[in-house]
Amino acid sequence: MANLLIDSLKVRTYDAIVIGSGMSGGWAAKELTEHGLRTLVLERDGTSNT
Ligand SMILES: Cc1cc2nc3c(=O)[nH]c(=O)nc-3n(C[C@H](O)[C@H](O)[C@H](O)COP(=O)(O)OP(=O)(O)OC[C@H]3O[C@@H](n4cnc5c(N)ncnc54)[C@H](O)[C@@H]3O)c2cc1C
C-alpha cells in the first residue's frame, strides 16, 4: 500500500508561524515570506480585521 503521508513532515514544517492576520501579523508574514521563510499564518476569523 502506498504511503500517502511520506512528505507530511516536510509539508507541515515551517520556519515561522504567525498567529493572527491583522495589521501586525499580515505585515510580519509578508516580511518573513519576502525573506524566503516558509511561513504559516493562523487566523481564527474567516476574514481579516484589516
Ligand atoms: C473601530 C476601530 C477603528 C479603527 N480605526 C483605525 C484607523 O482609522 N486607523 C488606524 O491606524 N487604526 C485604526 N484602528 C486600530 C487598528 O485597527 C489596530 O491598531 C490594528 O488593527 C492592530 O493590528 P494588530 O495586527 O495588532 O491586531 P488586529 O488587527 O486586531 O489583528 C489581530 C488578528 O489576530 C486574530 N487572532 C486573535 N486571536 C487569535 C487566535 N487565538 N488565533 C488565531 N488568530 C487570532 C484576530 O482574529 C485578528 O485577525 C481602529 C480600531 C478599531 C477597533
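**Note on the predicted model**

1. Read along the sequence, the protein follows the pattern α-β-α-β, and the assignment comprises 2 helices and 2 strands. Please keep in mind throughout that this is a predicted model, and that the values quoted below are computed from it.

2. The two strands, S1 (residues 16–19) and S2 (residues 39–42), run parallel and are joined by 4 bridges. Between them the chain passes from S1 through helix H2 (residues 23–34) to S2, and the resulting β-α-β crossover is right-handed.

3. For the register of this pairing, two positions are useful to inspect: Ala 16 stands opposite Thr 39 in S2, while Ile 19 stands opposite Leu 42 in that strand.

4. Ala 16, which is found in strand S1, deserves a closer look. Leaving aside residues up to four places away in sequence, Ala 16 touches Leu 32, Leu 37 and Thr 39; of these, Thr 39 is the residue that stands opposite Ala 16 in S2. Ala 16 and Arg 38 are 22 residues apart in sequence, yet their C-alpha atoms are 6.6 Å apart in space.

5. Is Ala 16 buried or exposed? Ala 16 counts as partly exposed, because it has 15 C-beta neighbours inside 10 Å, whereas a buried residue would need 20 or more and an exposed one would have 12 or fewer.

6. The length of helix H2 can be checked against its residue count. At 1.5 Å a residue, the 12 residues of H2 should span 16 Å, and the C-alpha atoms at its ends are 16 Å apart, so the expected and modelled spans agree. Just after H2, Gly 36 takes a positive phi of about 85 degrees, a backbone detail to look at when following the chain from H2 (residues 23–34) towards S2.

7. Two totals describe the protein as a whole. Buried residues make up 2% of its 50 residues, and Ala 16, as described above, counts as partly exposed. Among contacts between residues at least 6 apart in sequence, 33% join residues at least 24 apart.

Key:
Residues are numbered from 1 along each chain as its sequence is written. This is a predicted model: local features need pLDDT of at least 70, side-chain atom pairs count only at pLDDT 80 or more; totals for chains, interfaces and linings use all residues. Two strands pair if DSSP finds at least two bridges between them. A crossover is right-handed if, with the strands pointing away from the viewer, the path from the first strand over the helix to the second runs clockwise. Two residues are in contact if their C-beta atoms, placed from the backbone, lie within 7 Å. The expected span of a helix is 1.5 Å times one less than its number of residues.
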